[in-house]
Amino acid sequence: MLDSQLSELESRAVSLIDSAPDSDALEKARVEFLGRKGSLATIGKDMGKLAAEDRGRIGKLLNAVKQNLEARYESRQAAFQLGALNSRLAAEWLDLTMPAPGARPGSLHPLTLIQRELEELFTSLGFAVVDGPEVETEWYNFDALNIPPTHPARDAQDTFWLSDGSLLRTHTSPVQVRAMEKFGAPLRIIAPGRVFRNEEVDASHEHTFYQLEGMMIDRDVSIAHMLYFMKSLLTAIFHREATVRLRPGFFPFVEPGFELDIQCLICGGSGCPVCKHSGWVELLPCGLVHPNVLRSGGIDPDQWNGFAFGLGLTRLVMMRYAIDDIRHLAAGDLRFLQQF
Ligand code: PHE
């Protein structure tokens, strides 16, 4: 009686386990037959009620059924686990031999490129590269440079004054005086850096731009020396003969003073916003250092003289790379910057 019940139960369990479509169904079958309160456990509990002569036989049978079902259960379960593993391997597959994306290096800003080119050139000509503060005193920015107290450049319209009476330097010329004080004569320096002017921003004006100051002091320095260095500079930057003109120019810290203009390389001289439709761009004011400025720097004008220039580095960069709007330089737009 119990024998046939057991074998019927066994075949039902076998077919459920073998045909379980997924691991949930398999687990349900395990609980039903092999669980703590499953069919086999219930039968096991009732063994005590059996007649003594049946107990051994039924006990063995029960054990055999249990072992059979457990074995089938385990092999089914292993198959499901292997299946799950295989589908994960297929879905989460990584090709470790694929080349890595690689570093994406940035590029140097055009101002940095030109500044470095000029530093290299002037270093090779015996000049030292020096630095000065961007927040300056009125003395270094104006007085020491022979700029009279009434000069319009001191006006708040042109100069950013700070509340403590200092200012944002309006040019790199204060570094002339600092370098003379620090190194004395003879002297050959360039001083690249940022300068600030309280100006309306447009295609050719920024409140912040770059200059490169140059100064050479020695015995009997002439305008011919100055022109030699200015021409070396322009040839090195433009890699060709640039068309230039020299005009008299007034700056209180040089005497005589000049404006060196370059023919606009963007429009070739026919006129565009960068050259304000004149065909020429002021690039290089220069001149022989005024005796008062030498004195400000502690140098005896009867013993020494020299030349100085204040290159508009920002403007030079625009000419060199044909950049038609100064605002590109500080906009941080990668489409612009990646071209260099
Ligand atoms: N410092 C002057 C300026 O910014 C330029 C300059 C420098 C002129 C040196 C002459 C000599 O306008």
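1. Starting with the ligand: one of its oxygen atoms has a polar side-chain atom of R197 at 3.0 Å, a polar contact in the sense of an N or O pair within 3.5 Å. Keep in mind that this is a predicted model, with pLDDT of at least 70 needed for local features and 80 or more for side-chain atom pairs, while totals for chains, interfaces and linings use all residues. Side-chain values rest on heavy atoms, without hydrogens or water, and numbering runs from 1 along each chain as its sequence is written.

2. The ligand's nitrogen side is covered too: an N or O atom in the side chain of H171 comes to 2.8 Å from a ligand nitrogen, and a polar side-chain atom of S173 is 2.8 Å from a ligand nitrogen. On its own the ligand would expose 330 Å², of which the protein buries 92% (Shrake-Rupley areas, 1.4 Å probe).

3. Who is around it? The shell has 14 residues, with H171, S173, R197, Q211 and G310 the closest (a heavy atom within 4 Å counts as near). By class that is 7 nonpolar, 5 polar and 2 charged, with Gly counted as polar.

4. β5 (208–218), β8 (280–289) and β9 (305–312) are the elements giving two or more residues to that shell, and β9 has the largest share, 3 residues. Strands here are DSSP E runs of at least two residues.

5. For the overall layout, the domain assignment (automatic or from a database) splits the chain into domain 1 (2–92) and domain 2 (110–337). Their C-alpha centres are 93 Å apart.

Methods. A polar contact is a pair of N or O atoms within 3.5 Å; within protein, one must be able to donate a hydrogen and the other to accept it, and residues adjacent in sequence count only if both atoms are side-chain atoms. Helices (H or I, at least four residues) and strands (E, at least two) are DSSP runs, numbered from the N terminus.
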